[in-house]
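Work through the exercises below with the coordinates open. Each task is followed by a solution in steps.

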Amino acid sequence: MTFRVVAIVAVLAQTSGLAAQERRDTLVVVSRLAVPDSVPLTYIEELVPSPDGSIYVLDARTEGALAFGPDGAFRQRIGRRGEGPGELLAPWRLGLLGRDTLWVVDAGRPRVNLYDASTGESLADFGPATWDAAAVGGEPVRPFAVLANHRVLAFRWAERNALAELLSYPVDREAAPEGGLLSLLDLRDRSLVAQVPTGDGGLQLRNPFSHSDMLAIDPSGGHVVVIRRPHPTGSPAFFTAERRDVRSGTVDTVRVPYEPRPLKAGEVRAWAEDLGPVDRMVELGVFPSRAAGVDAVLGALGAPRHYPPVENRGRGIVDEGVLMDPGGWMWFQLHHPADGANEWILVSGNGGAGEVSHVTVPDGVRLLAVRGDRVWAEVRDALGRPAVHVLRIERGGR
């Protein structure tokens with residue numbers, strides 16, 4: 001395995017903008033997916049563009065995957081509800097294996113289903129027995145991605161809801177699963193648990209002031225990036241990204257410096273006092289008062305020193321605050337809790353010379369995927385109904 005280090009010399013400034021040597025790009029709307037009324041969107045779990053221009057979408061409440069042609073028109077639904085071959089209970093991840101095979105992970109069993117991307121025909125599935133056989137020490141193995149080197153990525157908890165082992169397994173229906181450890185993800189500060197004064201329960205809340213290791217995979221499964229937790233000491237501080245090319249085994253270690261914005265005590269308390277779960281726990285009689293609930297949360301939080309540089313918005317093992325394109329470009333969403341700005345920093349792909357650019361995205365636009373100079377995003381109308389817009393990156397100056 002080959003290791004390389006790419007030094008990103010630009011500094012991320014949370015308050016005064018990026019350094020002058022960084023290019024500033026813009027996003028321009030090109031088109032939108034023509035979603036028929038018969039398949040209304042609710043919340044897009046994942047969107048994957050294919051090299052031929054086709055688009056595959058998983059929506060939170062739609063059975064199976066939605067396939068759209070290169071012209072943006074709806075083509076077909078792939079997969080249906082059920083427990084038989086090619087059927088799905090709770091699809092939650094999808095991607096492409098090569099150009100012609102669509103994979104969908106079913107979290108309901110768990111299961112990995114393979115389909116012909118053009119016809120929707122079911123080709124194979126790796127059912128629950130595969131992952132039950134791979135379980136160690138009673139901890140179930142949960143598949144969530146298929147890579148371009150024909151390996152399935154899965155994870156299991158090394159410590160319950162605290163430390164996750166990231167594993168890889170060969171895609172082979174006939175052979176017994178033999179996985180190897182790819183990485184160890186420390187998830188301990190993704191949430192905080194405030195111990196309540198009655199029973200042995202706890203109030204579990206997301207911690208917005210610190211983040212754990214994060215994970216991103218490009219749509220073709222050719223690159224995996226693990227973003228390590230930031231190092232706030234020194235000036236500037238930095239976080240690192242380990243970017244793996246799964247075909248060649250190359251690992252680039254990208255170090256991105258930034259200027260941390262220190263937290264003020266009042267900001268932490270203001271966040272705690274705005275928590276709806278505290279009010280609900282007071283109503284249930286768990287906390288004797290709202291003030292007691294807030295104090296319990298602050299006690300569990302500890303003493304965070306600064307806002308993290310990268311937004312941590314994941315719904316599961318893969319984080320939404322990091323995107324990758326098939327060329328290895330990494331998109332990091334900057335964390336701006338004060339004004340809610342939607343800003344992203346782009347770092348060049350493998351073989352690049354540490355090129356960095358910066359994109360400010362309109363409010364309310366949720367980026368889903370990127371391929372080359374195209375970006376797909378979820379946008380909601382005045383009634384809260386989602387649509388998928390296709391945008392083009394217009395390269396700016398420095």
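The exercises concern a predicted model and cover charged pairs, a sheet and nonpolar cores.

**Exercise 1.** Determine how many salt bridges there are, and explain why the pair of Asp 125 and Arg 111 ties together separate parts of the sequence.

Solution.
- Step 1. Apply the cut-off: a side-chain nitrogen of Lys or Arg must lie within 4 Å of a carboxyl oxygen of Asp or Glu. The count by this rule is 18 salt bridges.
- Step 2. Check the pair: the closest N and O atoms of Asp 125 and Arg 111 are 2.4 Å apart, and the two residues form a salt bridge.
- Step 3. Place the residues: Arg 111 belongs to strand β12 (residues 111-116) and Asp 125 to strand β13 (residues 122-126), so the salt bridge ties together parts 14 residues apart in sequence.
- Step 4. Assess burial, for which the limit is under 20% relative accessible area. Asp 125 has 15% and is buried; Arg 111, with 6%, is buried too.

**Exercise 2.** Find the N to O distance in the salt bridge of Glu 165 and Arg 156, then treat the pair Arg 366 and Glu 378 in the way used above.

Solution.
- Step 1. The side chains of Arg 156 and Glu 165 meet at 2.8 Å, N to O, in a salt bridge. Both of these residues, Glu 165 and Arg 156, are buried.
- Step 2. For Arg 366 and Glu 378, the closest N and O atoms are 3.1 Å apart, and a salt bridge is formed.
- Step 3. Strand β28 (residues 366-371) holds Arg 366 and strand β29 (residues 374-380) holds Glu 378, so this salt bridge links parts that are twelve residues apart in sequence.
- Step 4. Relative accessibility is 10% for Arg 366, which counts as buried. Glu 378 is buried as well, at 4%.

**Exercise 3.** Which residues are linked with Glu 242 in a network of salt bridges, and with which residues is Glu 242 in contact beyond its neighbours within four places in sequence?

Solution.
- Step 1. The network of salt bridges links Glu 242 with Asp 213, Arg 228 and Arg 244.
- Step 2. Glu 242 is located in strand β22 (residues 237-245).
- Step 3. The side chains of Arg 228 and Glu 242 are also joined by a polar contact of 3.4 Å.
- Step 4. With neighbours within four places set aside, the contacts of Glu 242 are Val 224, Val 225, Val 226, Arg 228 and Asp 252.

**Exercise 4.** Give the strand order of the open sheet formed by four strands, and identify the bridge partner of Val 57 in β6.

Solution.
- Step 1. The order is β4-β5-β6-β7, with antiparallel pairing.
- Step 2. β4 (44-49) and β7 (74-78) are the edge strands, each pairing on one side only.
- Step 3. On average, neighbouring strands of the sheet are turned by 20° against each other, direction ignored.
- Step 4. Between strand β5 (residues 55-59) and strand β6 (residues 65-68), the antiparallel pairing runs over three bridges. Leu 66 is the bridge partner of Val 57 in β6.

**Exercise 5.** State which residues have the most contacts inside the largest nonpolar core.

Solution.
- Step 1. This core has 32 residues, and those with the most contacts inside it are Val 112, Phe 144, Leu 215 and Ile 317.
- Step 2. Strand β15 (residues 151-159) supplies the largest share of the core, five residues.
- Step 3. Not counting residues up to four places away in sequence, Val 112 touches residues including Val 104, Ala 124, Asp 125, Trp 131 and Val 152.
- Step 4. Another core lies apart from the largest one; it has 19 residues, among them Val 256, Tyr 258, Met 324 and Val 347.

Technical notes: Residues numbered from 1 in each chain as written. Predicted model: local features only at pLDDT ≥ 70, side-chain atom pairs only at ≥ 80, totals over all residues. Heavy atoms only, no water. Helix = DSSP H or I, 4+ residues; strand = E, 2+ residues; numbered from the N terminus. Buried < 20%, exposed > 50% of the residue type's maximum accessible area, 1.4 Å probe, protein only. Polar contact = N/O pair within 3.5 Å; in protein donor to acceptor, adjacent residues only side chain to side chain. Contact = heavy atoms within 4.5 Å. Pairing = 2+ DSSP bridges. Axes fitted to C-alpha atoms, helices over the stretch in contact; angles between N-to-C directions. Core = buried A, V, L, I, M, F, W, Y, C linked by side-chain atoms within 4.5 Å.
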